[in-house]
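Colleague: Could you walk me through this model? I would like to hear the reasoning behind each label you use.

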Amino acid sequence: MESTVLFLKRNEIIFKEGDKSDCMYDIRRGIVGIFANYGTKEEKLLAELMPDQFFGEMGIIEGYPRSATAVVLSDVAELAVITKSDFEDYCKRNPEKTILIMKNMSGRIRDLTQNYLEACHTIAEAMEAEQTGKKKSNSLLSRLKKFRDEYNAACKYAANEGLDMAAFGYYMW
């Protein structure tokens, strides 16, 4: 089945955090930015994606709302739209893209695992400092602040979208 193709201009929003996930996008031309907290003072560019890259695949695989906002960064962008119903056929016709999707998701799992281990180490170090009365290092305080800020941003977003944090999970990449 032939995909729908979108032609978009700079700064056009493709989808927003919290939107329903009913398709993914294959970039044929242009640059797309993936943002957390887009349009707020906490805005964070998570990724810049180029032609032959894709985004939105997590949503159609999992069925959860969009975890970030996608915005066109180049003058123009050409995007192939792959719907949930066309995804299986897309994977069969594009085995190289299927491998890229798997590598991309594997990388995200690896990053989340690394973040989890860093959080565990930070908690253990904070508890040790608390128990021994040892002064917390600047490095430890910096990591604690980072995790606090990320957690607060996730909670704020989930609350604004009416999402249950336990069901929504950790939305940062």
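What follows is a conversation about the strands, sheets and cores of this model.

Colleague: Before the labels, what kind of model is this?

Modeller: This is a predicted model. The chain has 173 residues, of which 37% are buried, and it holds five helices and eight strands. From the N terminus, the elements run β-β-β-β-β-β-α-β-β-α-α-α-α.

Colleague: What makes S4 count as mostly covered?

Modeller: A residue is called buried when its relative accessible area is under 20%. In S4, five of five residues meet that description. Val32, Ile34 and Ala36 lie on one side and Gly33 and Phe35 on the other, and they are all buried, so by that cut-off both faces of the strand are covered.

Colleague: How do you know which strands S4 pairs with?

Modeller: Pairing calls for at least two bridges between two strands. S4 is joined to S5 by five bridges and to S7 by four, so both count as partners under that rule. In both cases the strands run antiparallel. Glycine 33 shows this nicely: its bridge partner in S5 is glutamate 48, and in S7 it is valine 71.

Colleague: And what about S2 and S7, with how many bridges do they pair?

Modeller: They pair over two bridges, in the antiparallel sense. The rule asks for at least two, so the pair qualifies. Here valine 71 of S7 turns up again, standing opposite isoleucine 13.

Colleague: Why are S2 and S5 called edges of their sheet?

Modeller: The sheet is open, with four strands in the order S2-S7-S4-S5 and antiparallel pairing. S2 and S5 each have a single partner strand, so one side of each is left without a neighbour in the sheet. From one strand to the next, the twist averages 30 degrees.

Colleague: Which strands make up the other open sheet?

Modeller: Its four strands follow the order S1-S8-S3-S6, again with antiparallel pairing. The edges there are S1 (4-9) and S6 (54-55), each pairing on one side only. S3 and S8 are joined by six bridges in the antiparallel sense, so they satisfy the rule of at least two. One of the matched positions is cysteine 23, whose bridge partner in S8 is threonine 83.

Colleague: What makes a group of residues a nonpolar core?

Modeller: The members must be buried, belong to a set of nonpolar types that includes Ile, Val and Phe, and be joined through side-chain atoms within 4.5 Å. The largest such core has 17 residues, and Ile14, Tyr25, Val32, Ile34, Phe55, Ala70 and Leu79 touch the most other members. Strands S2, S3, S4, S5, S7 and S8 each give two or more residues to this core. Another core, of nine residues, lies apart from it and includes Met24, Phe54, Phe87 and Cys91.

Colleague: Which residues is phenylalanine 55 in contact with, beyond its neighbours within four places in sequence?

Modeller: Contact needs heavy atoms within 4.5 Å. By that test, phenylalanine 55 reaches Ile14, Phe15, Met24, Tyr25, Ile27, Val32, Ile34, Leu49, Ala70 and Leu79.

Colleague: How much of the contact in the chain links residues 24 or more positions apart?

Modeller: Among contacts with a separation of 6 or more, such residues account for 71%.

Colleague: And what does the chain expose?

Modeller: About 10,500 Å², with carbon and sulfur atoms supplying 56% of it.

Terms used. Residues are numbered from 1 along each chain as its sequence is written. This is a predicted model: local features need pLDDT of at least 70, side-chain atom pairs count only at pLDDT 80 or more; totals for chains, interfaces and linings use all residues. Side-chain values use heavy atoms; hydrogens and water are left out. Buried means under 20% relative accessible area, exposed over 50%, partly exposed in between (1.4 Å probe, protein chains only). Axes are lines fitted to C-alpha atoms, for helices over the stretch in contact, and angles run from 0 to 180 degrees between N-to-C directions. Accessible areas come from the Shrake-Rupley method with a 1.4 Å probe; for residues, only the protein chains shown count as cover.
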